[in-house]
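Got your viewer ready? Let's take a short walk through some aromatic rings and one of their neighbours.

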Amino acid sequence: MFVTGHGPFPSYLLRFNLRTHDKCSCGEKGDPMHYATKCPFTLSWLFQTPTVSLKLQWLKNILTNNFSRTRLRLLMRLICDENNLIVEDNN
């Protein structure tokens with residue numbers, strides 16, 4: 001879900017008109033990178049924000065490191081289970 005962006009992310013759901021906006025409850029764009037690096041609602045699971053030029057290497061490192069993959073899986077589970085807390089719904 002994180003790599004493809006498919007899932008309960010406002011940025012993804014907006015494309016299918018399942019949301020009226022792509023914002024997280026904190027007010028920023030609700031895409032996978034936001035939830036993994038900046039969102040105050042996922043503070044316990046945050047990764048360090050990569051620079052634009054190193055984003056691909058950062059992603060590769062996360063996906064090849066067992067500990068990082070586990071943290072990413074837990075983050076995705078949190079987003080799925082607690083979606084109503086982290087996704088603002090103005091429908």
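Before selecting anything, here is the rule for ring pairs: rings of Phe, Tyr and Trp (its six-membered ring) pair if their centres lie within 6.5 Å. Keep in mind that this is a predicted model. By that rule, the count is four aromatic pairs.

**Stop 1: Phe2 and Trp58.** Select these two and show their side chains. The ring centres are 6.3 Å apart and the planes meet at 55°, so this pair is tilted. Where does each partner sit in the chain? Phe2 belongs to the segment before α1 (10-15) and Trp58 to helix α3 (residues 55-64), so the pair ties together parts that are 56 residues apart in sequence. Switch on a surface and consider whether these residues are buried or exposed. Both Phe2 and Trp58 are buried.

**Stop 2: Phe47.** Now add Phe47 to the selection: ring pairs join Phe2, Phe47 and Trp58 into a cluster. Then show Arg71, which lies over the face of Phe47, 4.3 Å from the ring centre.

**Stop 3: Thr37.** Move on to helix α2 (residues 32-37), where you will find Thr37. Its relative accessibility is 7%, so Thr37 counts as buried. Which backbone atom lies 2.5 Å from a polar atom of the Thr37 side chain? Look for the backbone oxygen of Met33. Finally, display the residues that Thr37 touches, leaving aside those up to four places away in sequence: Leu46, Phe47, Gln48, Thr49, Pro50 and Trp58. Phe47 and Trp58 will be familiar from the ring cluster.

How values were computed: Residues are numbered from 1 along each chain as its sequence is written. This is a predicted model: local features need pLDDT of at least 70, side-chain atom pairs count only at pLDDT 80 or more; totals for chains, interfaces and linings use all residues. Side-chain values use heavy atoms; hydrogens and water are left out. Rings of Phe, Tyr and Trp (its six-membered ring) pair if their centres lie within 6.5 Å; planes under 30 degrees apart count as stacked, over 60 as edge-to-face and the rest as tilted. Helices (H or I, at least four residues) and strands (E, at least two) are DSSP runs, numbered from the N terminus. Buried means under 20% relative accessible area, exposed over 50%, partly exposed in between (1.4 Å probe, protein chains only). A charge sits over a ring if NZ of Lys or CZ of Arg is within 6 Å of the ring centre and within 35 degrees of the ring normal. A polar contact is a pair of N or O atoms within 3.5 Å; within protein, one must be able to donate a hydrogen and the other to accept it, and residues adjacent in sequence count only if both atoms are side-chain atoms. Contact means heavy atoms within 4.5 Å.
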